[in-house]
Amino acid sequence: MKKKIDWSKYGILAALIALIVFFSIVTDSFLTSVNIMNVLRQVAIIGMCSVGMTFVILTGGIDLSVGSVIGVSAVTAATLMGGGTHPVLACLAALVIGFVVGLINGALINELDMFPMIATLGMMTALRGVAYLVSGGKPVYGIPKSFLFLGQGYISYFPVPVIIMIIVFILGFIILNKTVFGRTVYGTGGNQEASRLSGVSVKKVKYQIYAIEGILAAAAGIILVSRVNSGQPAAGQSYEMDIITACVLGGVSINGGEGKITGVIVGVLIMGVLTNGMILLNVNEFWQWVVKGAVLILAVALDKISQKYKAKVKTV
Amino acid sequence: MNSTVLELKNIRKLYPGVVALDGVSMSFKKGEVHAIVGENGAGKSTFIKSITGAIEPTEGEIIFKGEFIAHNNPAKSLEMGICAVYQEFNLIPYLNVAENIFYGRYKTKGIFVDYESMYKETKEILDDLGVKIDPRTLVKDLTVGYQQIIEIAKSISRRAKVIIMDEPSAPLTNSELIYLFKIVAKLKERGCAIIYISHRLEEIFEICDKVTVFRDGKYIQTLSVAETNKEELITLMVNRDLGEQFPPKQLVKKDKVLEVKGLNTDVIKDIHFEAYEGEILGFAGLVGAGRTEIARAVFGADKINGGEILLNGKRLNIHSPKDAIASGIGLIPEDRKQHGALLHMSIQENTTYAHLSNFANKFGMIDFKKEIKAVNEYKEALKIKTPFISQKVKNLSGGNQQKVVLAKWLITDCKVLIFDEPTRGIDVGAKQEIYQLMIELAKQGKVIIMISSEMPELLGMSDRIIVMHEGRITGELYREDATQEKILSMASGGQEEVK
């Protein structure tokens, strides 16, 4: 029996290529090295967080609080730095906050048996409030010059945030595909009880993945501060939607247990190319929202249709 | 008089690369209970689905009451009076009995639902079946056995001419089973044609008139139940002589390995027992007697309120399955699909799942070469039928899925293995292999604890049988003294202590 190539896996890649070809034709500026670096830099924040989100969704959960963690982390780091704290310590403080938020999410879901969507929805709203409280509702300035390298610097041709994103993707790929922890993430998402009965500490896995996502979001917030040279209390607002969209576009099943980092990379790039291309075409921002939403629905719809088709062929 | 209700002529169903049904011709008569048997994958389900219109056969004719049915579909076959009672019920838990029976065709008075006449008619049907259930009871509050009766009542209210029962006995307790048989007899009297599918051959001899054997998508033979026996059916099903159904085994009583003292949970009370090296210890009892709960308590899956578990004389501190596995205890759960296998993952991933750290370095990086080698060894040893170990477990047959779950525990090298209903829903050939394997493990000196609701399996395999009733141990029997009657009497609460 020969293993058949499952073309549906490549549908999303085909969509990305189609988008690139389309924008290359209709605009002069899309396919230039400067613009490509732009696209990558724009997706760096979402890209990093999408790795953590992939872990979370693979276990059957979801984390709506990422955007707000970005905000809290940004204003915290900026406020501390503005007050004269050493940037390294300020960043560390922000990362600890992300870690703690992850643990709180984990505790609500594990110990109180709350639905991840509800627990993190509450955290999302509350933490956005915290971001505004910390900053007094205004952007926080006074970021030291030395700190700007993180968000604005280059290493050879590559912007630093892009390099960080690539490292996160590589680490995410290795952890998910090559380690015991990665295997238990897939197992827990697909069948929690069978995992528990195989000796997996399901609760521990959940604490870990929400903590990872919290730390990644905090790191994203820090990079954002460096990039815009200020701590914005609104930083990361509604990013959770882009992040989840990228994961789902990339083929991560909302039911958990199925999905690949490689797919998520493609999903992130689609979001980046689409946004960038529409900006180059001067598409009205309101229309951009419509298109992004439509893309998500279309992607899931195509997936569902292909599943139905496959199920029909397979039933014996 | 021609009493044939349903006739099928040369039904073929092709899937890409697979012939699921290969030219099956059969007929079903009024007032006859007709069993269909065959191993998993023999084509029984495809055949049933062709009759109910769930799938459309590639070729062939369906003739119902002398009329040729073109383009069958589920709504059409229901309309004609062909009803199926599946293993997974199609009931809605938060609706009551009458609402479920009339679901989709509520009786109405103007724009309002006419509950009065629905309740009345439901009561008539249930009374007629000799069941005392209030039509206003919510389905979720009924036992599985009663839920099945509601499914049957639904068919009756649709004036079914043909009722298909797919493994109806699988979820039932022994007393519920007797009830089911009574109802089947009643339906037969009324002239229903009943198509009865079951893995339990004993039942067929109890209630069926005819039995048809399927194998590899082909119709093999129809026999009159009165003129055949179990051995003949098995031979026809597997097309090979299975020899002795239970391999012989001799117990040499060795050291005490497992000792359970005064174990208590919310369900089980004051459980004491011990198990010896090389022993197969059976647990008998009705569904709900607490056998699974003992297994889960020993394995750390449920919270215990008191008691001790000792392994080789050492007291164990088990708070989770993880602790139990570390101590050398494994559990093959009753519900293979929900608790045993990770269906969405591959054979490879399943096999090493409980023991993965053994295939990884100290950073948690998996050594794939080592893993694949080990998995292939177990695949060969257990004869798991698959072209490649990256195959997802959900694509395997029940017997092969169970073997993968077994492989997971064998690879962890547990000292004590608890099998909870190890052969449920598995075909005869695979059953045989699993029995063989359990005996092999016992010979290696492992302790095998087997919970089973199948009497022949318990009697044939166990060196010793512990019988339970309502959360307590009510008796213990050695192989040579054990009989079905003694077990049943203890399982129904009769205090017949044989020590």
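**Notebook: salt bridges and one helix**

I began with E193(A), which counts as partly exposed because its relative accessibility is 23%; by the cut-offs, buried is under 20% relative accessible area, exposed over 50% and partly exposed in between, with a 1.4 Å probe and protein chains only. I note that this is a predicted model, in which local features need pLDDT of at least 70 and side-chain atom pairs count only at pLDDT 80 or more, while totals for chains, interfaces and linings use all residues. Residues are numbered from 1 along each chain as written, chains are lettered from A and ligands numbered from 1 in written order, and side-chain values use heavy atoms, without hydrogens or water.

**Salt bridges.** I looked up the partner of E193(A) and found R296(B), with the closest N and O atoms 3.4 Å apart. R296(B) lies in helix α9 (residues 291-298) of chain B and E193(A) in helix α9 (residues 192-196) of chain A, so this salt bridge joins two chains. Here a salt bridge is a side-chain nitrogen of Lys or Arg within 4 Å of a carboxyl oxygen of Asp or Glu, and helices (H or I, at least four residues) and strands (E, at least two) are DSSP runs, numbered from the N terminus. R296(B) counts as buried because its relative accessibility is 15%. Both residues also belong to a network of salt bridges with R196(A) and D302(B).

Within chain B, I found K210(B) paired with E32(B) at 3.7 Å, N to O. K210(B) is in strand β11 and E32(B) in the loop between β2 (18-29) and β3, so the pair ties together parts 178 residues apart in sequence. K210(B) is partly exposed at 24%, whereas E32(B), at 13%, is buried.

**Helix α8 of chain B.** I listed the buried residues of this helix (residues 230-238) as K230(B), L233(B), I234(B), L236(B), M237(B) and V238(B). Among the elements that cover them are β11 (210-215), β12 (218-224) and α15 (428-443) of chain B. Just after α8(B), N239(B) takes a positive phi of about 55°.

**Domains of chain B.** The automatic or database assignment gives domain 1 (4-238) and domain 2 (256-491), and I found their C-alpha centres 33 Å apart. Contact, meaning heavy atoms within 4.5 Å, involves 11 residues of domain 1 and 12 of domain 2. I noted 0 salt bridges between the two domains. The area buried between them is about 990 Å², of which carbon and sulfur atoms give 58%, and α8(B) supplies the largest share of the domain 1 side, 3 residues; this area is the accessible area (1.4 Å probe) that two parts lose on being put together, summed over both.
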